[in-house]
Amino acid sequence: LYGPLSYLAFLPAAFLPTVLTVFVGGSFLATAFLIIPFAVAGRSFIKRYRLAPREWGPLLLLPVAAIASLRPLSYIATLVTADAPSTCLMALSAWVLFRDYRWGRAEKWKTAAYSSLALVLSLGCKQNMVFGAAVVISSAFYFFGRKFGWLYLAFTSVLGVLGLALVVAVHQDVRAIIFNSVLVGLRFTTIKANLFPGAYRLFENTAVLGLTFLGIWLIGLLTNGSASWAKESRAVVVFFAIAAVLSLSGIRFYAVLAGDVNDLSHGIYFFVLGIVIAAFELTLLTRSNPNAASALRIFIAAAALTLIGAGLPTRYNAAWKEKMSHTPSSVEAYEYARRNPGQVYFAFNPIGQYLAEHRFYTTEWGVMNLLFAKQEFTRQEILKYIPEKAQYVALPRDYIADDSGAVIPYVAPHRIPANVPGLQNFEVYRIER
């Protein structure tokens, strides 16, 4: 469904020794992807301007608090999805442009090469980032001039062709790539009644951030020299422009049949990143004004603590602790499939079954994509790509509540229950061929 290059981002986790460490390693990688742009930007400011820990500490506390407390961000920081690497790469692409514009670096071809490479890889991880890419390319023309803009576009085109060649070489089936990466997303049905709830979910996750943004800019405006600072640092608007377009597209994707809060995560992330970079710039401005500098640090720290106080108790409650005390269903699917290969079809746990049997089968998401894209298909086409000798299909109770999913009506239309030892945490049905 998502960008066909996203598998490269999580490839290191595949070499870990056990299935549990594979999943845990994937989660750590997802978190690292979200931290990397903040670390890169922070290190650049700290090293260039020799900022003291008391100056940069509160600024880097804010993104940590946001990732831990805001559900859209904690969602993509803990699950192995295309969201974290695509967001990271888009952020690095924008940062390279901002850094080299802000500090007047002359090596413009390197700027174009590095930024466009990150841009192409971001799109390769998740095609939804195309809206952010449009902002980045436009900013290359606006801030660096037409000549650099065309150079940037040329690098992006060449690297895009090479990336597409890699995708075709790995996945081979071009029609399937186009279907999954383009047509499915275009054919998803948007539920208009969900647009306002999507906008509200975005608001409730950005309310504290919005107040933080207004507060730090007010401090900047009240500080001497703010006029020249605003002109020098105007490229920071790129991050807020990306946040705006990704938020609007995120609301739309949240409103489709399969939408979830991760669709809102990209815009929120760039909002946080823009605030942090603006705060670093304001730290430089307020160095000559101790009162303004103290006010800025206190305000940022208060915003971070507000996010933690408001978010952590609701995110990490008794229900979360109960869920974390259980073995994940993918690990249980792996253990069972390793002991009994080919006997049970785990439609919701394809990675666990793949690690045990070294074969991929039709997945729940695969069938759901076909349905959402309004494609016609038969039961036999679905049954053709499940384990040949499997008698049962198992659905994890920690994933499914009231909905039996998309695949069950095709493999077990009458939902004949079965009791299979070792699968107590799954709903099990007999497969009807």
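Reader: Which residues in α5 meet residues in α13?

Author: D83, T87, M90, A91, W95, F98 and R102 in α5 meet N262, H266, Y269, F270, L273, I277 and E281 in α13, where contact means heavy atoms within 4.5 Å. The model is predicted: local features need pLDDT of at least 70, side-chain atom pairs count only at pLDDT 80 or more, and totals for chains, interfaces and linings use all residues. Residues are numbered from 1 along each chain as its sequence is written, and side-chain values use heavy atoms, with hydrogens and water left out.

Reader: What makes α5 roughly parallel to α13?

Author: Helix α5 (residues 83-102) and helix α13 (residues 262-285) pack at an angle of about 30 degrees, with their axes 11 Å apart. That angle makes α5 roughly parallel to α13, since angles under 35 degrees count as roughly parallel, over 145 as roughly antiparallel, 65 to 115 as roughly perpendicular and the rest as oblique. The axes are lines fitted to C-alpha atoms, for helices over the stretch in contact, and angles run from 0 to 180 degrees between N-to-C directions. Helices (H or I, at least four residues) and strands (E, at least two) are DSSP runs, numbered from the N terminus.

Reader: Is the crossing of α5 and α13 called left-handed or right-handed?

Author: The crossing of α5 and α13 is right-handed. By definition, a crossing is left-handed if the near helix is turned anticlockwise from the far one by less than a right angle, and right-handed if clockwise.

Reader: How many disulfides does a search of the whole structure find, and why do C88 and C125 not form one?

Author: The search finds zero disulfides. A disulfide is a pair of cysteine sulfur atoms within 2.5 Å. The cysteine sulfur closest to that of C88 belongs to C125 and lies 9.1 Å away, which is too far for a bond. Seen from C125, the closest cysteine sulfur is that of C88, again at 9.1 Å and too far for a bond.

Reader: Why are C88 and C125 called buried or exposed?

Author: Buried means under 20% relative accessible area, exposed over 50%, and partly exposed in between (1.4 Å probe, protein chains only). C88 has 3% relative accessibility and therefore counts as buried; C125, at 4%, also counts as buried. C88 is located in helix α5. Leaving aside residues up to four places away in sequence, C88 touches F33, I36 and P37. C88 and I35 are 53 residues apart in sequence and 8.2 Å apart in space, C-alpha to C-alpha.

Reader: In what order do the three strands form a sheet, and what is the pairing called?

Author: The three strands form an open sheet in the order β1-β2-β3, with mixed pairing. Its edge strands are β1 (344-345) and β3 (426-430), each of which pairs on one side only. Two strands pair if DSSP finds at least two bridges between them. Two bridges join β1 to β2 (residues 392-396), and these strands run parallel; β2 and β3 pair in the antiparallel sense over five bridges. V393 in β2 is the bridge partner of Y345, and V393 also stands opposite Y429 in β3.

Reader: Why is β2 described as largely enclosed by the rest of the structure?

Author: Five of the five residues of β2 are buried, so β2 is largely enclosed by the rest of the structure. Both faces are covered: Y392, A394 and P396 are buried on one side, and V393 and L395 on the other. In a regular strand the side chains alternate between the two faces of the sheet.

Reader: Which residues of α18 are buried, and what do they pack against?

Author: The buried residues of helix α18 (residues 364-372) are E364, V367, M368, N369 and F372. They pack against α9 (174-187), α19 (379-383) and α20 (408-411). Just after α18, K374 takes a positive phi of about 60 degrees.

Reader: What makes R50 exposed and R415 partly exposed?

Author: R50 has a relative accessible area of 74% and is therefore exposed. R415, with a relative accessible area of 41%, is partly exposed. R50 lies in the loop between α2 (19-49) and α3 (53-69), and R415 is in the loop between α20 and β3.
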